[in-house]
Amino acid sequence: MHWSLFIFFNHDNGRTLIIDLFNQDKYLNAIQTGAPHLLRYLATAFIVNKRKRPQFKDFLKVIQQEQHSFKDPITEFLACVYVNYDFDGAQKKMRECEEVILNDPFIGKRVEESNFSTVPLRDEFIENARLFIFETYCRIHERIDMGVLAEKLNLNYEEAERWIVNLIRGSKLDAKIDSQTGTVIMEHNHPNVYEQLIEHTKALNSRTYKLVTQILEHAQAPAAH
């Protein structure tokens, strides 16, 4: 698992592959019992992944279980946002995460396959971390003061306004800005039923495969004896 880190974080599809591999029961058990520091890399993969993975909720439970025995700014950031809803704490942890990423030999820089140049992962991480805070904060509040939001995102007022406008233009956010009151007004839509069904089906396929594997192992054990 340690050797694989360099491959995963320097491969175009690596941050998806590491999630699929490390979230298998035997790998996750090994991480929790013998190498909890690897949770940092799994947490990083979830944050920089372009779409939410179906294993994310289960991973949050692991973080919740381990948060008293293992301390790392990246896992603590996720705990602040999704477990404790501590947005002030998340803001502080996001600053610490920047230092961690810049000094980590595996995730500090990513090799670009086209020209073999190194690309910092930090910018991508911080952008998605802000989005995590923003999405969770918006699920709790329908009208959000722009000044408060800018503080939570570690941005000044103008930067926060531009950032939110870009999200709206890119169809990543269903909201509008009230310039007179300086607030963001959320427009909550029901989630797409088909997308939910696809995600649940993927998770079900994974669980079915694990169950069949376990049954075959148990069936083959008596035959071997």
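What percentage of the 225 residues in the protein is buried? In this predicted model, buried residues make up 43% of the total.

**View 1. Overall fold of the predicted protein.** The protein contains 11 helices and 5 strands. Its accessible surface comes to about 13,500 Å², and carbon and sulfur atoms contribute 53% of that area. Among contacts with a separation of 6 or more, 60% are between residues 24 or more positions apart.

**View 2. The two faces of strand β5, residues 183-186.** In a regular strand the side chains alternate between the two faces of the sheet. Thr183 and Ile185 lie on one side of β5, and Val184 and Met186 lie on the other. These four residues are all buried, so both faces of the strand are covered.

**View 3. Pairing of strands β3 and β5.** Strand β3 spans residues 143-145. It runs antiparallel to β5, and 3 bridges join the two strands. Asp145 stands opposite Thr183 of β5, and Thr183 is one of the buried residues of that strand.

**View 4. Pairing of strands β4 and β5.** Strand β4 covers residues 175-178. β4 and β5 are antiparallel and are joined by 4 bridges. Ile177 has Val184 in β5 as its bridge partner; Val184 is buried, on the side of β5 that also holds Met186.

**View 5. The hairpin of β4 and β5.** The hairpin has 4 residues between its strands. Gly182 takes a positive phi near 65 degrees in this hairpin.

Terms used. Residues numbered from 1 in each chain as written. Predicted model: local features only at pLDDT ≥ 70, side-chain atom pairs only at ≥ 80, totals over all residues. Heavy atoms only, no water. Buried < 20%, exposed > 50% of the residue type's maximum accessible area, 1.4 Å probe, protein only. Contact = heavy atoms within 4.5 Å. Areas by Shrake-Rupley, 256 points an atom, 1.4 Å probe, with all protein chains shown as cover. Pairing = 2+ DSSP bridges.
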